[in-house]
Structures are given as structure tokens and as C-alpha cells.
Amino acid sequence: MTAMRKIVILGATSGIALEVQRLLAREGCELLLVARSSQRLAEVQADLAARGAHQVLTYSADLASIRQHAAIFEFARHTLPDFDTVLLAYGSMRDQKDSETSIDILLEELQVNFVSATAILTLFAADLERRRTGCLAAITSVAGDRGRRSNYLYGSSKGALSLFLQGLRSRLHPAGVRVITVKPGPVQTPMTDHMPNSTRFADPKQVARDIVDALERRSPDVLYTPKIWRYIMTAVQQIPETIFKRLSF
Amino acid sequence: MSGQSAATLRKQSVAPPPTEQALSWGRYPKTAHRRVHKPAWNDEVPEILGTAAPASLLPYGLGRSYGDSCLNAGRELIDCRRLNRILGFDESTGMLRSESGVSLADIIDVFLPKGWFLPVTPGTRFVTVGGAIANDVHGKNHHRAGTFGAHVCQIGLHRSNDGLAICNSQDNFDMLQATIGGLGLTGVIAWADLQLKRVAGPWIDAESIPFQSLGSFIDLSRESNDCFEYTVAWLDCFAGKHPRGIFFRANHSAERGKQFHPKRGAKLPFAVPAWMLNRYSERAFNTAYYRIHAARKGRALVPYDSFFYPLDSIRQWNLLHGKQGFLQYQCVIPETNVEAVEELLDRVARSGMGSFLGVLKQFGSAPPAGMLSFPRPGLTIALDFAMRGERTLKLMQSLDEVVQQSGGALYPAKDARMSSAVFEASFPRWRAFVPYIDPKMSSSFWRRVTGAQ
């Protein structure tokens with residue numbers, strides 16, 4: 001626990017981040033929350049303070065816009081200079097069909113889920129590497145483990161981020177900085193409400209519990225949550241491409 | 001996959017999402033909704049209200065209303081459970097501002113360790129603040145503290161036509177009174193200011209006393225109401241005119257040192273099969289409950305959760321009554337009319353359809369906090385009956401006669417079948433409430449008892 005007292009959350013108003021923050025607040029952590037809406041940030045700040053967070057700082061910025069990253073990073077270095085954990089929790093899931101006819105949507109999706117994520121992680125990684133401490137975690141998705149007809153744009157953007165984290169992990173290992181790839185299965189959050197059967201998806205509270213546990217332990221490097229998804233994706237990855245390409249899910 | 005089935009699949013993926021089922025706690029009636037909105041932020045609510053058709057929406061919380069007052073068959077629900085943030089707390093006064101989807105369980109988890117407790121709590125902590133206000137719920141301390149709504153000092157209310165209305169004793173007081181007990185029909189509660197109360201810790205000094213007649217219950221209740229904050233009785237509803245039961249009375253204990261371990265209870269994994277539910281098993285349950293508690297009579301220091309929320313320790317206990325669901329019958333009968341209570345219990349006993357849990361409580365004389373508040377001076381009885389079709393409904397109609405003749409009332413939060421006439425008799429002032437209904441709101445219950453469209 002002493003290893004994670006000060007945490008920067010990028011995308012603090014996302015469905016999973018909200019639950020992670022509640023658990024961290026309960027443990028008395030100090031939090032710096034970054035998200036777009038200052039109104040929503042203020043509501044979350046009040047909630048986490050009431051639930052026991054030692055300190056809750058907020059910074060309102062659009063994480064998808066790389067031009068704003070330097071200011072975000074400077075704010076973190078000034079207000080929470082010895083932060084020890086960074087959790088990237090933002091993402092976007094646009095309709096696959098729409099992205100097949102609109103290159104703008106396709107590029108936006110890549111910008112949010114991959115390009116901007118790698119940019120901001122690189123900023124924070126350098127600082128942790130220099131200080132030779134801490135932990136970087138990012139939420140990708142099981143959808144990134146295999147490209148599927150119904151969701152391959154989202155999947156490839158998250159899969160690319162998983163690959164990026166793999167390399168980053170190797171780079172930061174000598175400095176003693178941990179990199180955790182969080183791969184949730186489908187979770188009941190506003191991002192997935194429109195999907196069929198979304199009421200049967202995983203409870204974000206359970207996913208948050210798994211993430212916080214992973215932050216507090218030494219392992220794993222890659223967290224599947226709920227746990228069963230590690231086995232499901234292992235099986236899915238075994239299906240030969242000649243068969244897989246015929247599947248419509 | 002053949003081309004044809006792939007095309008079918010694509011067609012399905014663009015079709016509107018299937019109708020969503022939302023259940024009330026009694027699992028009767030079973031209704032489908034066209035859509036369930038799930039706002040995660042208060043700033044999303046105005047758009048939902050703005051774009052909805054007239055009389056199409058109803059706020060929904062944890063679905064602990066028993067009948068159809070939390071349902072909106074064929075129309076839409078606004079699931080408020082993600083609006084679950086604590087927006088502020090004043091440590092010196094105990095004033096809490098919470099969004100409407102915060103559960104009472106959550107409030108206890110956060111504030112009991114700091115020495116604060118709910119001013120009024122119903123028999124389950126798995127209800128939302130919004131639901132507690134909309135049904136103006138009561139608890140075992142009604143004779144002292146009145147209803148939940150009496151401790152709500154201010155609300156922010158999303159209205160479809162005029163934005164966020166701030167309602168308190170100075171501004172929009174009538175809208176506050178309409179919203180308390182207003183069954184969710186006046187708009188979506190954005191947040192509420194609730195006055196918590198100081199307690200020493202999680203322990204309750206409780207005493208249980210067996211009784212063998214309604215008269216002795218009333219004597220016990222009268223003598224206890226002055227010195228005990230909480231009073232309630234459990235009733236063996238197979239015993240008829242001379243009911244036996246266990247009277248519970250309690251106060252918050254000054255004890256604070258003792259180690260407290262909240263426990264997570266068992267969960268009923270599926271509906272109990274119908275063949276296990278009959279008058280014999282239910283009678284056996286009632287007898288066993290009486291014997292066990294009668295044997296344990298006396299005083300004890302108990303944790304708050306086992307005192308206030310015995311059923312919360314069995315998650316999904318509503319499945320106890322089987323797949324068909326169950327109906328709850330809660331009425332209040334004026335104290336001057338004790339014979340009516342005896343008659344009611346007699347009809348239940350003679351029907352052979354007794355329930356697992358009969359609860360009896362003497363309400364206090366606090367003025368109602370809301371326009372449609374249910375509690376009023378008298379004896380309130382709650383009984384549950386497994387849904388067995390027509391004969392269950394017939395029994396309840398025959399109970400209605402007794403309640404109506406006595407000048408009593410039924411509780412909408414528990415109801416799935418009362419007639420317009422019974423509603424009218426229970427809430428003679430309901431027409432004065434109508435102007436406060438938000439034009440975008442409606443519910444299955446409201447349409448059923450008032451004939452509204």
C-alpha cells in the first residue's frame with residue numbers, strides 16, 4: 001500500500017475509473033483527476049472527498065488533444081510532484097459500421113484510443129523512469145486480442161495500445177517502473193449501454209477491484225478482468241484465421 | 001456462414017435494442033419497457049426529459065417497490081442508479097447532499113464509521129435516496145421521527161419544462177411536498193439534502209417480548225413509544241383473531257468500542273419451486289419463527305444490520321415466493337378500530353394463504369411530510385402473499401373491504417392491484433397533487449389507479 005499513495009487518473013469520469021477512484025478514496029489515497037468536464041470533475045471530487053480520499057485535485061482538459069498534454073503534465077508535476085501511479089482510463093467506442101464509411105470517425109477513434117494515449121503515456125513514463133519508481137497502468141480491451149468483424153476498429157486501436165504497453169514495459173523494467181496492461185471484457189458502463197445484452201456484462205465494481213488489486217501487488221503485467229477472459233481469449237486466439245474470418249461476431 | 005444469415009444478422013444489429021425488462025421487488029406484474037435510460041451524470045437528464053414524449057418517463061432506482069409504482073409498462077424508465085455521488089457533507093451539522101441514486105446502504109457505509117446514521121430507515125437498506133423520498137418511506141421510529149421525507153430539507157428537481165427547480169421550505173415548498181411521496185411523478189430528483197443523525201456506533205440495544213393478543217401488542221406499543229426510539233412487531237398470521245407475535249423495541253446503544261464485522265449474507269440463487277410453498281411450509285415457518293424468538297426473549301446488544309435489515313442478509317429473498325412473484329399488502333387502520341385489524345387477520349387466517357412475514361407497527365401522529373404520504377396515525381400491517389392468481393387477488397379484495405370500512409388506507413409502494421376506489425379512499429386529496437406531475441412523467445401504478453393516459 002505504501003507504494004501507491006499518489007495517483008494520476010487520465011479519463012477520471014469514465015465508467016471504470018469512477019469505481020477505481022472510489023476504492024482508492026476509501027484507502028485514503030491522494031488523487032489527481034483529469035477529464036474534460038469541469039462540472040463532472042467537481043461532482044466526482046466532492047464524492048471522493050466524502051468517501052475518504054486524502055486529497056483530490058482536478059484538472060480539466062481534453063486528453064484526445066495532444067496540444068494540451070504538456071499543460072496536464074506540468075500541472076501534475078506541480079501539484080502532485082511525487083505521484084507514483086498513473087492510470088490511463090479513457091477511451092472511445094464508436095460504431096464500427098459508421099467508421100467504415102467515415103474516415104473522420106476512423107481517425108478520431110485512433111486519435112483517442114491510440115495516438116493520444118501513447119503521447120501522454122510517453123510524457124509520464126519519462127518522469128517515472130527518471131525517478132526510477134512507480135507504476136503505469138492503461139485500460140485496453142480484450143477486443144484488442146483479435147480483430148473481429150463487428151468491432152475491429154475499436155479492437156485494433158486497443159490492440160495497438162496493448163503492443164505499445166508491451167514495449168514500454170520492457171523499456172521501463174530496468175528502471176523498476178511497472179507497466180500494467182488492463183484488458184477488461186465487456187463491462188456495464190455508459191460506453192457499452194447500446195450493445196445487446198449489456199445488462200449481463202461485468203459489474204464495473206468487480207473490474208475496479210481487480211485493477212486496484214493489480215496496482216497493489218507485484219503482478220500481473222497483463223490483467224484480464226473478470227479473470228475468465230484470460231481463458232476465453234486464449235481459446236479465441238487458437239482459432240485458425242481461415243475459420244475465424246467466417247465468424248460474424 | 002451463408003450470405004442470407006449474415007444479412008439477417010446485420011439487420012438485427014441495426015434494429016432498435018430489444019425491450020428491456022425491469023422488475024419490481026414482488027416480481028409481479030412482469031412488464032417490458034420500451035427503453036431504459038441510464039444517465040451517469042445529472043447534466044444528461046435535461047436532454048432525456050426534453051426529447052421524451054409526454055407521459056413516457058418514470059425514474060427508477062433499486063426496484064424495491066413491490067408492485068407497479070416503480071414500473072412504466074410499454075414506456076420508458078430513467079434508471080438513476082449511476083447518479084450515485086455524495087456531493088457534500090457538513091461534519092458539524094450532519095447535513096448530507098447526495099444524488100438521487102445513492103443507496104441508503106452506501107450512506108451507512110460512508111457515514112456510520114463517522115458517527116452518523118439515517119434519520120429514518122425502511123426495512124431494507126438497498127433503496128435509493130430518490131426512492132425513499134418518492135415513496136416517503138417510514139421505519140421503526142415513525143412514532144418519534146415521522147417519515148424519511150420529514151428529514152429532507154431541500155431538493156434539486158429536474159423538471160422537463162423549467163429546468164432544475166430548487167425546492168425547500170422557502171422556495172417551491174409545495175413542489176417539495178408534492179415530490180415527497182410523489183411516486184417519482186414530479187420529475188427526476190437531481191440531489192437531496194438529508195439531515196443525518198448522530199449515533200455512538202453501530203450497536204443497538206434491543207429487547208424482544210412475545211405477545212398473545214392484539215390488545216397486549218397495543219399496550220406494549222403504547223408503553224414503549226416514549227422510551228424506545230424503535231418499535232415494531234412480527235406477527236404470526238396463521239393465528240387469526242388472537243394473533244401471537246414478537247414485539248421488538250430498541251434504542252441506539254452508547255456502546256462504541258466493540259469490534260464490528262459487517263457480514264455479507266447468503267444469496268437465494270433461484271426461485272423456490274412451487275411445490276415447496278404451501279400453507280404447511282409457511283405455517284411451519286411462522287411457528288418456528290415464533291418459538292425461536294420467544295425462547296430468546298429479553299434484551300441483547302445487536303449490530304444495526306441484523307436489527308434493521310434482517311432480510312437484507314438473504315439477498316434476493318423475494319425469490320422465496322417462487323417464480324410467480326408475490327404481492328405485499330400494507331394498510332393502516334385507525335387505532336379506534338382495533339376490531340378491523342382483528343377482522344383482517346381473521347380473514348387471512350381463514351383463507352389459509354398466510355404469509356411468511358407479518359409486520360405490525362403503531363404509527364405516530366407526526367403530520368405527513370408529503371401530499372401523498374401514506375403513514376397516518378393508526379396501526380399498520382404488512383403481509384406478503386405468494387401470487388397464486390385469482391384467489392390471491394380475491395383475498396386481497398376482501399381485505400380491502402375491511403380497510404375501507406375502517407377508514408384506513410393502502411400503501412402505493414407495496415401495491416400492484418388496488419382499485420381506483422380504494423386509492424381514492426386512501427388518498428382523497430390526490431387531485432390536488434395532479435398539477436405537480438411533470439408532463440413527461442407517468443407510471444403503471446398511476447395510470448391504473450387514476451385512469452390517466
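**Entry 1. A buried charge pair in chain B**

I began with E99(B), which counts as buried at 0% relative accessibility; buried means under 20% relative accessible area, exposed over 50%, and partly exposed in between, with a 1.4 Å probe and protein chains only. The model is predicted, so local features need pLDDT of at least 70 and side-chain atom pairs count only at pLDDT 80 or more, while totals for chains, interfaces and linings use all residues. Residues are numbered from 1 along each chain as its sequence is written, chains are lettered from A and ligands numbered from 1 in the order in which they are written, and side-chain values use heavy atoms, leaving out hydrogens and water.

I then looked up the partner of E99(B). R85(B) forms a salt bridge with E99(B), the closest N and O atoms being 3.4 Å apart; the term requires a side-chain nitrogen of Lys or Arg within 4 Å of a carboxyl oxygen of Asp or Glu. The pair links distant parts of the chain, 14 residues apart: R85(B) sits in the loop between β5 (76-79) and β6 of chain B, and E99(B) in strand β7 (residues 95-99) of chain B. Helices (H or I, at least four residues) and strands (E, at least two) are DSSP runs, numbered from the N terminus. R85(B) also counts as buried, at 3% relative accessibility.

**Entry 2. Other salt bridges**

I searched the whole structure and found 36 salt bridges over all chains. In chain A, I noted K183(A) with D145(A), whose closest N and O atoms are 2.7 Å apart. These two are 38 residues apart, with K183(A) in strand β6 (residues 178-184) of chain A and D145(A) in the loop between β5 (135-139) and α6 (152-172) of chain A. K183(A) is buried at a relative accessible area of 9%, and D145(A) is buried at 12%.

In chain B, I recorded a salt bridge of 3.0 Å, N to O, between the side chains of E424(B) and R431(B). E424(B) is partly exposed, with a relative accessible area of 32%. I also found one network in which salt bridges that share partners join D68(B), D400(B), D415(B), R417(B) and R448(B).

**Entry 3. The interface of chains A and B**

I next asked how many residues of chain B are in contact with chain A. There are 20, in contact with 20 residues of chain A, where contact means heavy atoms within 4.5 Å. The two chains bury about 1800 Å² between them, 47% of it on carbon and sulfur atoms; buried area is the accessible area (1.4 Å probe) that two parts lose on being put together, summed over both.

I counted four salt bridges between chain B and chain A. In one between the chains, E44(B) pairs with R40(A), with the closest N and O atoms 3.7 Å apart. On the side of chain B that touches chain A, α1 (3-14), β6 (86-90) and α3 (104-111) of chain B each supply at least two residues. By class, that side has eight nonpolar, one polar and 11 charged residues; Ala, Val, Leu, Ile, Met, Phe, Trp, Tyr, Cys and Pro count as nonpolar, Asp, Glu, Lys and Arg as charged, and the others, Gly among them, as polar.

**Entry 4. Aromatic pairs**

I obtained 23 aromatic pairs over all chains. Rings of Phe, Tyr and Trp (its six-membered ring) pair if their centres lie within 6.5 Å; planes under 30 degrees apart count as stacked, over 60 as edge-to-face and the rest as tilted. F308(B) and Y309(B) form a tilted pair, 5.9 Å centre to centre with 45° between the planes. F308(B) is buried at 1% relative accessibility, and Y309(B) is buried at 1%.

W430(B) and W446(B) are edge-to-face, at 5.8 Å centre to centre and 85° between the planes. W430(B) lies in helix α13 (residues 430-433) of chain B and W446(B) in helix α14 (residues 444-450) of chain B, so this pair ties together parts that are 16 residues apart in sequence. W430(B) is buried at 9%, as is W446(B) at 4%.

I also noted one aromatic cluster, formed by F117(B), Y230(B), Y304(B), F307(B), F308(B) and Y309(B).

**Entry 5. Two loop residues of chain B**

I located E335(B) in the loop between β19 and α10 (338-351) of chain B. E335(B) is partly exposed, with a relative accessible area of 23%. Leaving aside neighbours within four places in sequence, E335(B) is in contact with R222(B), Q362(B), F363(B), G378(B) and L379(B).

K323(B) is in the loop between β18 (314-315) and β19 (326-333) of chain B. Is K323(B) buried or exposed? K323(B) is exposed, at a relative accessible area of 67%.
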